[in-house]
Amino acid sequence: QVQLVESGGGLVQAGGSLRLSCAASRGIFSIAGMGWYRQAPGKQRELVASITSESRTNYGDSVQGRFTISTDNAENTVYLQMNSLEPEATPVYYCYADLYDALVTRAYWGPGTPVTVSS
């Protein structure tokens, strides 16, 4: 059974740093890529960062230069290092993994972890 478990969210002061982790139990599937989205109250979910199995990365414009995504392939874990955090409406960060087998590719999502940046 596929399961994604996020950790590392919480409260941090503006300008501070936080590191999110997401461990995937992928069953028989292989991982094509993993990443993070976030959603603030009343807003659409937006891409924060993604990374492919070939380590190609992509970042949302608002986090470019401040956030870094990385993976531990042996542990099926993706990390999001967030620096210079800015105060904003408390978003929930969602981890996802694109998993595939011989027949299909589909995205799986974690339950989300909130990040609060105090001013």
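This passage describes the core, the aromatic pairs, the largest pocket and a few individual residues of a predicted model.

A good place to start is the interior. The largest nonpolar core holds 29 residues, and Trp36, Leu80, Met82 and Tyr93 are the ones that touch the most other members. Seven named strands give two or more residues to this core, namely β3, β4, β5, β7, β8 (77-82), β9 (92-100) and β11 (113-118). Strand β3, which spans residues 18-25, also contains serine 21. With a relative accessible area of 17%, serine 21 is buried, because it falls under the 20% limit for that class. Leaving aside residues up to four places away in sequence, the contacts of serine 21 are Val5, Glu6, Ser7, Trp36, Val78 and Tyr79. Of these partners, Trp36 is already familiar as one of the core residues that touch the most other members.

Next come the aromatic rings. A pair of aromatic rings is described by the distance of the centres and the angle of the planes. Four aromatic pairs are counted in the model. One of them joins tyrosine 37 and tyrosine 96, with 5.7 Å from centre to centre and 65° between the planes, an edge-to-face arrangement. This pair links distant parts of the chain, since tyrosine 37 sits in strand β4 and tyrosine 96 in strand β9, 59 residues apart. The two partners fall into separate accessibility classes: tyrosine 37 counts as partly exposed at 25% relative accessibility, while tyrosine 96 counts as buried at 10%. Tyrosine 37 also pairs with tryptophan 109; their ring centres are 5.5 Å apart and their planes lie at 65°, so this pair is edge-to-face. Here again distant parts of the chain are linked, with tyrosine 37 in strand β4 and tryptophan 109 in strand β10 (residues 105-109), 72 residues apart. Tryptophan 109 has a relative accessible area of 39% and is therefore partly exposed. Taken together, Tyr37, Tyr96 and Trp109 form one aromatic cluster.

Attention now turns to empty space. Rolling a probe the size of a water molecule over the atoms shows where empty space is left. In this model, the largest pocket encloses about 160 Å³. Its lining consists of 13 residues, and those nearest the centre of the pocket are Ile31, Met34, Ser53, Asn73 and Asn76. By residue class, the lining comprises three nonpolar, eight polar and two charged residues. Strands β4 (30-39), β5 (46-52) and β7 (67-72) each contribute at least two residues to the lining, and β4 provides the largest share, with four. Strands β4, β5 and β7 are also among the elements that give two or more residues to the largest nonpolar core.

Two loop residues complete the description through their backbone geometry. Asparagine 76, one of the residues nearest the centre of the largest pocket, has a positive phi of about 50° although it is not a glycine. Asparagine 76 belongs to the loop between β7 and β8 and is buried, with a relative accessible area of 17%. Serine 55 likewise has a positive phi, about 70°, without being a glycine. The loop that carries serine 55 lies between β5 and β6 (57-59). With a relative accessible area of 46%, serine 55 is partly exposed, whereas asparagine 76 is buried.

Conventions. Residues numbered from 1 in each chain as written. Predicted model: local features only at pLDDT ≥ 70, side-chain atom pairs only at ≥ 80, totals over all residues. Heavy atoms only, no water. Buried < 20%, exposed > 50% of the residue type's maximum accessible area, 1.4 Å probe, protein only. Contact = heavy atoms within 4.5 Å. 1 Å grid on protein atoms, 1.4 Å probe; cavity = no way out; pocket = protein on both sides within 12 Å on 5 of 7 lines; lining within 4 Å. Points joined across faces, edges and corners; volume = space filled by probe spheres on them. Nonpolar A, V, L, I, M, F, W, Y, C, P; charged D, E, K, R; others polar. Core = buried A, V, L, I, M, F, W, Y, C linked by side-chain atoms within 4.5 Å. Phe/Tyr/Trp six-rings, centres within 6.5 Å; stacked < 30°, edge-to-face > 60°.
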